Amino acid sequence: MAASQFLFATGIENSYPTIQNGKVRQDEMEKCGHYKFWQKDFDLVQELGIEVLRYGPPIHTTWMGPGKYNWDFADVTFNDLLRRNILPIVDLCHFGVPDWLGNFQNPDFPALFAQYASDFAKRFPWVQLYTPVNEMYICAEFSALYGWWNEQLSSDKAFVTALKNIVKANVLAMHAILAVRPDALFIQSESSEYFHASNPQSIKPAEILNAKRFLSLDLNYGRRVDSDMYEYLLDNGMTRDEYHFFLDNNLKHQCIMGNDYYRTNEHRVRADGSTVASGEIYGYHVITTQYHDRYQLPVMHTETNLWQGPNGDEAVFWLWKEWANVLRVRNDGVPIVGFTWYSLTDQVDWDTALRENNNNNNPLGLYDLNRNIRPVGEAYKKLISQWKEVLPTQTACLQMPIIMPQDNNEAWAKQQKAAAQQVLSQPGASNANTSLQDLH
């Protein structure tokens, strides 16, 4: 039958932005040793009792040109996930594009990416869960507003251009995948932010930033943006037709809102609009509730971590704090379906947000880069074993129509896909917000 358990997950970090004007690609799969140790990494996922993995092929070595691919690495890894019956949430674009595409200012990116998504779905038809573009807002912000990655631009116009191209790519990819897999579900892994006013003069700048943080999801889910943001988008190059594309093409009814939360997600705002890190003030529970109130979608905690500090237990305490927040969200009536420690292993150069190529090991993972388990890995394994049977999704929020990889060709699974196809073929299905959950 369909998987109904709470989705305990981890991820294998697959960021690959470029820096130094495109001369250096920050390939985290390479830096963290995944290309060499991918089989061992999948072993570790199973050793923890985890059945769900945020994972995706490296776009820059897979997508060689329009309609041209090198599927070698994707074939061996995804076929092994199928063999192991690990459920992937497939991350198709994670902070970068292939060299031949340029960067996120390229207006051809959305349509080309949709074709890539379609071709991936055709090659791996057993895959059901997708994050087409990871952290759309952060990707646009770091690439085109802060000047850190990819196009390395620093203007509102460049940011709006990147944002509209990225979100349009995500929307078109969802449509393309559904044409292949009509019961696909999309988990938007997006950073959940909050901006605190430091003084009365900073109240208005903080309000603007707190409206701006919703832009990627507003556009993706076809929600009308706030009036200040509408003016901001049009003042910086978005046309009325482009804006209405997002209102008219949303697939909200097949989405789960993924919220990423780190201690760095909250900020203090100065009177001039500049910001400084505030540390955790509201926390995951309060901020996720704000996002849920806005979009009314099932929620998944899709990323968190913390450095293993000098005492060795700092990450363990953070894990339990985040889990307490997940339970609080659930007990307050928000339909939350999963939790993720990100990532499986330590990461490299995240202390500079991949802006610098220093090869610094950041002790953030469930395992270190020698694949030795960290205390937080032991704690997560224990947490999963204790809570796995306590939080089935049908009692926590809903019966999720998720098909485990090895059940893809079962008769009931085919029936579900046929029913989903029937819903998609109905005029106005998206506008009616028909829920796939009602089909199972």
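Start by selecting I281, Y282 and V286: together they form a nonpolar patch on the surface, with about 240 Å² of accessible area (Shrake-Rupley method, 1.4 Å probe, only the protein chains shown counting as cover). A patch here joins nonpolar side chains (Val, Leu, Ile, Met, Phe, Trp, Tyr) within 5 Å, or like charges within 9 Å, from residues with over 30% relative accessible area and no salt bridge. A salt bridge would be a side-chain nitrogen of Lys or Arg within 4 Å of a carboxyl oxygen of Asp or Glu.

Before moving on, note that this is a predicted model, where local features need pLDDT of at least 70, side-chain atom pairs count only at pLDDT 80 or more, and totals for chains, interfaces and linings use all residues. Residues are numbered from 1 along each chain as its sequence is written, and side-chain values use heavy atoms, without hydrogens and water.

Now zoom in on V286, in helix α12 (residues 283-295). Helices (H or I, at least four residues) and strands (E, at least two) are DSSP runs, numbered from the N terminus. V286 is partly exposed, with a relative accessible area of 31%; buried means under 20%, exposed over 50%, and partly exposed in between (1.4 Å probe, protein chains only).

Next, select helix α10 (residues 227-235), whose buried residues are M229, Y232 and L233. They sit on the same side of α10 because they cover an arc of only 95° around the axis, taken from the directions from the helix axis to the C-beta atoms. What do these buried residues pack against? Show α7 (156-180), α8 (203-212) and α9 (215-220) to see their partners. Turn to the face away from the buried side, and you meet the exposed S227 and D235. Just after α10, G237 has a positive phi of about 110°.

Time for some rings! The whole structure holds 44 aromatic pairs, meaning Phe, Tyr or Trp rings (the six-membered ring for Trp) with centres within 6.5 Å; planes under 30 degrees apart are stacked, over 60 edge-to-face, and the rest tilted. Select Y55 and F78, a tilted pair at 5.5 Å centre to centre with 50° between the planes. Y55 lies in strand β4 (residues 52-55) and F78 in helix α4 (residues 72-84), so the pair ties together parts 23 residues apart in sequence. Both Y55 and F78 are buried.

Last stop: H34, in helix α2 (residues 34-47). H34 counts as buried, at 1% relative accessibility. Among the residues H34 touches (heavy atoms within 4.5 Å) are Y55, F73 and R371.

How values were computed
Lists of a residue's contacts leave out its neighbours within four places in sequence.
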